[in-house]
Amino acid sequence: MTRAVVSLNSGSSSIKFGLYELDPNGAPVLAVRGKIERIGISPRLSIRDSAGGQLLEQEWPGEAGLTHADLLVSLFDWASTRLTGIEVTAIGHRVVHGGTDFVSPCLIDGDILVRLDRLCPLAPLHQPHNLSAIHAIARIAPALPQVACFDTAFHNGRPALAKRFAIPRALHDQGIQRYGFHGLSYEYIARRLAEVDAEMAAGRVIAAHLGNGASLCAMSAGKSMDTTMGFTALDGLMMGTRCGTIDPGVILHLQAEMGMAAKDVENLLYSRSGLLGVSGLSSDMRELSLSDRPEAAEAIDLFTWRAAREAGALASSLEGLDGLVFTAGIGEHHADVRARICRRLQWLGIRIDDAANTANAPLISLADSPIKVRIIPTDEERMIALHTLSILNGPQA
Ligand SMILES: Nc1ncnc2c1ncn2[C@@H]1O[C@H](COP(=O)(O)OP(=O)(O)O)[C@@H](O)[C@H]1O
Ligand SMILES: CC(=O)OP(=O)(O)O
Ligand SMILES: [Mg+2]
């Protein structure tokens with residue numbers, strides 16, 4: 001039997017997973033990876049081996065009503081027939097919100113699940129899916145260790161000012177603080193950047209995680225100093241279906257003057273805004289890029305304008321900038337969005353190489369650009385596997 005760990009990463013529009021076999025030193029070696037994407041639109045599953053060979057492709061055309069839980073069942077069915085000769089020793093999960101209590105990965109038990117469940121209202125597009133996967137696995141394999149790895153944890157060491165809203169102190173002390181998310185992605189980027197460009201990693205870098213959820217992280221020497229998301233994953237950039245930063249007066253107006261119930265406001269801000277709300281067409285950047293409708297073009301313009309504006313704010317938090325890293329679905333693959341954001345940041349000194357950008361090359365800035373710009377594919381699943389093993393065995397190299 002080959003021993004292995006599994007990583008599960010439930011995002012707002014996707015479930016990504018990785019199966020890592022353990023080598024003789026106990027280090028994780030990717031064997032199988034897969035993703036179910038476009039959940040809520042038209043789900044598509046793809047499973048590949050470590051060499052990229054296709055193991056399974058499946059589509060559910062137009063099945064917008066299929067939930068994360070429904071789709072996990074398809075995944076479990078496939079795993080139960082195909083994963084023979086492999087002993088899964090633990091499953092690690094991305095859990096988006098850790099609140100004030102969970103600032104590092106931990107082994108999950110019943111009490112922890114109850115405490116994590118209380119944070120669902122602070123991450124309604126993520127936390128319930130994260131926890132439902134944990135419950136489903138606990139039912140199938142109650143003795144299997146499961147580890148929670150938090151999106152918020154990487155940001156815990158930020159300076160105190162970056163965590164505080166300008167509201168009464170008592171509310172801050174009750175946990176109404178800026179937490180920040182996409183931390184597993186930023187932690188991976190910080191590690192990977194140190195491997196590919198130690199000089200850039202030692203400096204002041206903005207990492208742009210542009211996926212269905214989108215945020216920026218200001219890092220100094222690989223540590224989070226500031227980030228655009230706050231108490232929830234609604235704040236900051238415009239996203240697929242989320243509005244990003246909005247005048248809180250709008251919410252008061254919707255409730256007090258337009259009679260909207262809190263749940264309806266939640267639905268509006270999390271699920272009907274962002275690219276979808278502005279375009280009236282789709283939350284999916286690929287789809288918008290193919291459209292010739294002016295509303296689609298305006299949605300993309302607003303996305304890039306807002307991303308550049310927030311990058312300017314984070315450059316100020318860092319008191320200067322040495323590098324920019326693009327990652328996640330849009331950041332890794334969408335050359336035009338990257339080019340537009342970089343053009344708006346030319347005043348900072350950013351100069352990109354159009355050919356390298358079009359080719360999605362690892363380094364897309366010109367040699368004389370004072371700020372280096374890189375693309376680094378994120379790997380939250382690998383970060384989850386490493387944290388899971390460190391909880392099981394103690395820290396790995
Ligand atoms: N090849 C591609 N070209 C352009 N955009 C892409 C590509 N692949 C994914 N995207 C965009 O990335 C977004 C999804 O990002 P992803 O990081 O997978 O999402 P999630 O936040 O659910 O993890 C969608 O807007 C999608 O259109
Ligand atoms: C926190 C968050 O927005 O995650 P995702 O990008 O996976 O939706
Ligand atoms: Mg994601």
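Two strands are taken to pair if DSSP finds at least two bridges between them; helices (H or I, at least four residues) and strands (E, at least two) are DSSP runs, numbered from the N terminus. The structure is a predicted model, in which local features need pLDDT of at least 70 and side-chain atom pairs count only at pLDDT 80 or more, while totals for chains, interfaces and linings use all residues. Residues are numbered from 1 along each chain as its sequence is written, and chains are lettered from A and ligands numbered from 1 in the order in which they are written.

Strand β4 (residues 44-49) takes part in two antiparallel pairings. Strand β5 (residues 54-59) is joined to β4 by five bridges in the antiparallel sense, and within this pairing R44 is placed opposite E59 of β5. The two strands form a hairpin with four residues between them, and G52 in that turn has a positive phi of about 90 degrees. Strand β3 (residues 28-37) also pairs with β4, antiparallel and over six bridges; here R33 faces R48 of β4. A hairpin with six residues between the strands results for β3 and β4, and the turn includes R38, whose phi is positive at about 55 degrees. In general, the strands of a sheet pair through backbone hydrogen bonds, either parallel or antiparallel.

A further sheet is open and comprises five strands in the order β11-β10-β9-β12-β13, with mixed pairing. Its edge strands are β11 (223-227) and β13, each of which pairs on one side only. Neighbouring strands of this sheet are turned by 25 degrees against each other on average, direction ignored; the axes are lines fitted to C-alpha atoms (for helices, over the stretch in contact), and angles run from 0 to 180 degrees between N-to-C directions. At one edge, strand β10 (residues 214-220) and β11 run antiparallel and are joined by four bridges, with K223 of β11 as the bridge partner of S220. At the other edge, strand β12 (residues 323-327) and β13 run parallel, again with four bridges, and G323 has K372 of β13 as its bridge partner.

In strand β13 (residues 372-375), K372 and R374 point one way whereas V373 and I375 point the other way, and all are buried. A residue is termed buried if 20 or more other C-beta atoms lie within 10 Å of its own, exposed if 12 or fewer, and partly exposed in between, with C-beta atoms placed from the backbone. In a regular strand the side chains alternate between the two faces of the sheet.

Two non-glycine residues with positive phi were noted in this part of the chain. A328, located in helix α12 (residues 328-333), has a positive phi of about 75 degrees although it is not a glycine. A328 is buried because 23 other C-beta atoms lie within 10 Å. For N360, also a residue other than glycine, phi is near 55 degrees. N360 belongs to the loop between α14 (354-358) and β13, and it counts as partly exposed because it has 15 C-beta neighbours inside 10 Å.

The largest nonpolar core (a set of buried Ala, Val, Leu, Ile, Met, Phe, Trp, Tyr and Cys residues joined through C-beta atoms within 7 Å) has 98 residues, of which I206, A207, A208 and V325 touch the most other members. Helix α11 (residues 294-317) supplies the largest share of this core, eight residues. The core lies between domain 1 (2-150) and domain 2 (198-375), because both give residues to it; the domain bounds come from an automatic or database domain assignment. Leaving aside neighbours within four places in sequence, I206 is in contact (C-beta atoms, placed from the backbone, within 7 Å) with L216, A218, A311, L314, A315, L321 and L324.

Two annotated positions were also examined. An unreviewed UniProt entry assigns "active site" to D151 and lists R94 for "binding site"; UniProt positions are given in the numbering used here, feature names are shortened, and annotations may be inferred rather than shown by experiment. D151 is found in the loop between β8 (146-150) and α4 (169-173) and is buried, as 30 other C-beta atoms lie within 10 Å. Beyond its neighbours within four places in sequence, D151 is in contact with R94, V96, F181, H182, G183 and L184. R94 is part of strand β6 (residues 86-95) and counts as buried, with 28 C-beta neighbours inside 10 Å. Outside the same sequence window of four places, the contacts of R94 include D151, L184, C149 and E380.

Note on methods. Two residues are in contact if their C-beta atoms, placed from the backbone, lie within 7 Å.
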